[in-house]
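Subject: Structure handover

Dear colleague,

Here is the structure you are taking over. My notes on it follow below.

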Amino acid sequence: MKFWKRGILFLLVFVISVSMVGCKPKGESKVDEEITDASTEELQNKELEQESEESEIIITDHLGRTVTLDKKAEKIVSGYYITTSMMIALGLEDNVAGIEAKAKSRPIYSLAAPEFLELPNVGTAKEFNLEGTIALEPDLVILPIRLKDAVESLEKMGIKVIAVNPENMDLLKETLKIVGLATGTTERADRLISYYDNKYIQIEKLAGAEKKKVYLGGNSDFLSTAAKNMYQNHMIEAAGGINVASDIDDTYWATISYEQLIAYNPDIIVIVPEADYTKDDIINDAKLAGINAVKNNRIYVMPDTFEAWDSPVPSSILGTMWLTFVINEDTQNFDDFKEEVANFYETFYDFTVDREKITK
C-alpha cells in the first residue's frame, strides 16, 4: 500500500515538473527562440558564403559578353581610372596588381591608397599595354568598352576580362554590381548603391522649383562643353538645372562658338575640375560680359582636390550634390555639403578630408 502511494506521489511530481517546463514565461521562451533563430541564420549565411565561394560566378558585361569565373577574383588589373577608384571604395586595395597609367595625377590614390602609386601601369585607353597586363597573370582584368580590341585579345589568351561603360548613374550602379559580384564584395557595392539612392531622394527635395540654365565648360577650353549624351548632362539635370548644351546630341564634348554661348545666356557657368583656364579668364573676357552668369558673378569651379567629380567615379554623387548646392545656393548651407563629403570619404575610402579644400 505504501509502495503504491509512493508511486502515485512520484507520478504527480513528474507531471507537475513537465507542466512547469512546458509553461515557461513568455520572455524566457522568446530568448530561446531568438538564440535558435540567430544560430540558424548564422548557419544559413555560412552555407550561402561557402556555396558562393564554390560555385561559378556568371556575369554579363557592358559589351553583352557572358563572363564566367570559377571563383571570386583575387588578383585584379584595372585599366580604367573609374574602376581603379572603385577598387578602393569596395575595399579591394590589396587585390590590385596593376592599374592605368598616370596614377600620380589622381589625388584620390595618394590620399586613400598610396600603394597604387607603386603598381605597374598598363597604359592608357589610347596606348594599352597588352603584354604588360598578361605578364601580371591576373584573375580578372577590367577595361572600358572602348578597349574592345584589347578585351578580345585578352579573352583569346584565356584571361578573364570584363568591359564596363559607366556613362550614367544607372550604368555606374550596374558597374558596381558587376565588379562586386566578380570580387565577392556585393555587400559593400550594395551599400554604395543605397547611398546613391538615398541621396538622390534628398537632392530632389533640395532642387528649387525654378530651374537655372547651366553651362559646363570642359577641361581644355571653356568653349568646349558637355552635350546631351555626357554624364555631366545627367548630373546637371539631377541637380535641378538645365544643361544649355543638351540640344547637342550628335557628339559628347562639343566645341561651340562665342556666339552660341552668348545665345545660350546661362544663369550659371561651371568650370570642371582640372581645367586649363580659370574663372578670371571668363570674367575678363569682354565678349562674355553680357552673359547673366558673368554679370551676376555666378561662375563656379568644381573642386579637384579629391577626384574629378564630374566623371562617373564612385564619388560622382558628390559632384551632383555640389551642383545642387551651387544652383540653389540662396537656400542651402554649403557647410552641410562639406559634412557630406567628409562622411562619404571616411565611410567608403577610409581617410579624413580637409574641409577647407571643399570649395565652390
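At what angle do helix α8 and helix α14 pack, and how far apart are their axes? The model is a predicted one, and in it α8 (residues 186–206) and α14 (residues 334–348) pack at about 170 degrees, with 12 Å between their axes. An angle over 145 degrees counts as roughly antiparallel, so that is how α8 and α14 are placed relative to each other. On the α8 side, the contact is made by Arg188, Arg191, Leu192, Tyr195, Lys199 and Gln202. On the α14 side, Glu340, Phe344, Thr347 and Phe348 take part. By type, the residues of this contact are 4 nonpolar, 2 polar and 4 charged.

Next, the confidence of the prediction. The protein chain has a mean pLDDT of 86, and 84% of its residues are at 70 or more. Residues 1–52 have pLDDT below 50. Leaving aside near neighbours in sequence, that stretch has 1 contact in the model. Where pLDDT is low, predicted coordinates should not be read in detail.

Now the strands. β1 (residues 57–60) and β2 (residues 66–69) run antiparallel and are joined by 4 bridges. Together β1 and β2 make a hairpin, with 5 residues between them. In the turn, Gly64 has a positive phi of about 80 degrees. Across the pair, Ile58 of β1 is opposite Thr68 of β2. The two faces of β1 are unlike in cover: Ile57 and Ile59 are on the covered face, whereas Ile58 and Thr60 are on the uncovered one.

There is also an open sheet of 4 strands, paired in parallel and ordered β4-β3-β5-β6. Which strands stand at the edges of the sheet? They are β4 (96–99) and β6 (161–164); each has a single partner strand, so one side of each lacks a neighbour in the sheet. From one strand to the next, the twist averages 20 degrees. Within the sheet, β3 (residues 76–78) and β4 run parallel and are joined by 3 bridges. One of the residue pairings here is that of Val77 with Gly98 in β4.

Helix α3 (residues 81–89) lies across β3, β4, β5 (140–144) and β6. Relative to β3, helix α3 runs at about 135 degrees.

If you start with one region, the α8 and α14 contact can be followed residue by residue from the list above. For residues 1–52, keep in mind the pLDDT below 50.

Regards

Terms used. Residues numbered from 1 in each chain as written. Predicted model: local features only at pLDDT ≥ 70, side-chain atom pairs only at ≥ 80, totals over all residues. Heavy atoms only, no water. Axes fitted to C-alpha atoms, helices over the stretch in contact; angles between N-to-C directions. Parallel < 35°, antiparallel > 145°, perpendicular 65-115°, else oblique. Contact = heavy atoms within 4.5 Å. Nonpolar A, V, L, I, M, F, W, Y, C, P; charged D, E, K, R; others polar. Buried < 20%, exposed > 50% of the residue type's maximum accessible area, 1.4 Å probe, protein only. Pairing = 2+ DSSP bridges. pLDDT = per-residue confidence, 0-100.
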